[in-house]
Amino acid sequence: MSSGLEGLQQALKQLRLSEVSAELPLLMREAEQHSWTYHELLDHLLNFELNKRDDKNKEKRLKWAKFPYHKSLEDYDMTEQKSMTERQMKQLKDMHWLEQQYNLVLLGPPGVGKTHLAIGMGLEAIEQGYQVMFLPMGELMSILKTSDYTRKSQITLNRIKQSDLVIIDDLMYIAMDQREANQFFHLINHLYERSSIILTSNKSPEHWGELLGDEGIATAILDRLLHRVEVIQMNDESYRMKNRESVFQ
Ligand code: ADP
Ligand code: MG
């Protein structure tokens with residue numbers, strides 16, 4: 001017994017192959033035009049479904065990451081900076097450090113490209129199938145503060161904990177009280193050896209302790225953050241200032 005095209009589409013849908021179901025008429029026409037073998041036809045149908053699913057998952061991960069803007073590593077001009085060699089950049093791009101749960105700390109004054117580089121890494125990680133979350137420090141603190149009693153913060157916190165890469169932008173911009181430092185510690189402890197963290201900061205780690213308040217907690221946090229870490233010191237002139245547009249001709 002053979003089903004018509006619509007019947008096949010219905011069956012594919014029931015089997016949850018909805019992408020291939022929607023495109024079946026087109027794919028069948030192509031099969032006839034190119035005289036695909038049975039093997040080729042099956043190969044095309046299955047790969048169509050898999051590729052569409054990959055695209056959709058990537059789109060979903062991109063939305064979840066909540067990047068403030070999209071600037072890739074390709075947009076990052078290596079000739080404009082002295083903090084990294086092309087070879088080091090290539091090694092960062094291959095994401096082995098993420099596979100091995102290394103953290104990255106990007107240090108330097110405002111405008112040198114810390115946030116851009118962090119977003120670029122995040123986009124690359126998403127491209128390679130990882131789950132990423134971008135959080136300005138202020139936002140992370142407010143999520144931690146309210147996670148006990150608002151559902152939205154609870155959900156976001158769970159997502160952070162499930163991420164392969166958590167980007168915390170402008171660390172220590174805000175001084176924390178004891179309770180906040182405690183919550184921050186619990187999060188870092190959860191992520192430790194499970195995920196990678198990228199931190200950007202304009203203060204060097206020696207000063208992070210002061211902002212975390214309690215010395216014991218500060219040491220425990222730094223211990224975990226800096227256990228497996230690559231620190232990139234970006235001391236170039238501000239890209240923003242150098243390339244600013246002028247009203248004068
Ligand atoms: P920071 O986070 O260090 O304050 P940003 O990442 O926000 O700096 O960078 C400031 C601006 O300069 C952004 O628009 C960024 O895209 C751009 N920028 C900085 N460094 C570079 C670079 N090497 N190549 C291209 N754009 C850069
Ligand atoms: Mg920044």
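1. Let's start with one pair of residues in this predicted model. Find leucine 107, then look across to strand 5: the bridge partner of leucine 107 there is glutamine 233. This pair sits where strand 1 (residues 103-107) and strand 5 run alongside each other, in the parallel sense and over five bridges. As a reminder, strands of a sheet pair through backbone hydrogen bonds, either parallel or antiparallel.

2. Now step back to the whole sheet. How many strands does the open sheet have, and in what order? There are five, arranged 2-3-4-1-5, with parallel pairing. Strand 2 (132-136) and strand 5 (229-233) are at the edges with a single partner strand each, so one side of each has no neighbour in the sheet. From one strand to the next, the twist averages 15°.

3. Next, see what covers the sheet at strand 2. Helix 7 (residues 137-146) lies across strand 2 and strand 3 (165-169). Relative to strand 2, helix 7 runs at about 100°.

4. Two other helices are worth a look together. Helix 8 (residues 151-162) packs against helix 9 (residues 178-191) at an angle of about 35°, and their axes are 9 Å apart. Which residues make the contact? Helix 8 brings Leu157, Ile160 and Lys161, while helix 9 brings Leu187, His190 and Leu191. Sorted by class, this contact of helix 8 with helix 9 has four nonpolar residues, one polar and one charged.

5. Leu191 is also a good signpost to a hidden space, as this residue is among those lining the largest cavity. A search of the whole structure finds one cavity of 30 Å³ or more, and the largest cavity has a volume of about 70 Å³. Its lining also includes Gln101, Asn103, Ile188, Tyr192, Arg224 and Arg228. By class, the lining has four nonpolar, three polar and three charged residues.

6. Strand 5 comes back when we turn to the second largest pocket, with a volume of about 280 Å³. Helix 4 (86-93), helix 5 (96-99) and strand 5 each give at least two residues to the lining of this pocket. Of its 14 lining residues, Gln88, Gln91, Leu92, Leu104 and Glu230 lie nearest the centre. The classes of the lining are seven nonpolar, five polar and two charged residues.

7. Finally, a word on charges. Side chains of opposite charge can pair when their charged atoms come close. The structure holds six salt bridges, and one is easy to find: the side chains of arginine 53 and glutamate 49 meet at 3.1 Å, N to O. Where do arginine 53 and glutamate 49 sit relative to each other in helix 3 (residues 38-65)? They are four residues apart, which means that about one helical turn separates arginine 53 from glutamate 49.

Terms used
Residues are numbered from 1 along each chain as its sequence is written. Chains are lettered from A and ligands numbered from 1 in the order in which they are written. This is a predicted model: local features need pLDDT of at least 70, side-chain atom pairs count only at pLDDT 80 or more; totals for chains, interfaces and linings use all residues. Side-chain values use heavy atoms; hydrogens and water are left out. Two strands pair if DSSP finds at least two bridges between them. Axes are lines fitted to C-alpha atoms, for helices over the stretch in contact, and angles run from 0 to 180 degrees between N-to-C directions. Contact means heavy atoms within 4.5 Å. On a 1 Å grid over the protein atoms alone, a cavity is a set of points where a 1.4 Å probe fits but cannot get out, and a pocket is an open set with protein on both sides within 12 Å along at least five of seven lines; lining residues have an atom within 4 Å of a point. Grid points are joined across faces, edges and corners, and a volume is the space filled by probe spheres set on the points. Ala, Val, Leu, Ile, Met, Phe, Trp, Tyr, Cys and Pro count as nonpolar, Asp, Glu, Lys and Arg as charged, and the others, Gly among them, as polar. A salt bridge is a side-chain nitrogen of Lys or Arg within 4 Å of a carboxyl oxygen of Asp or Glu.
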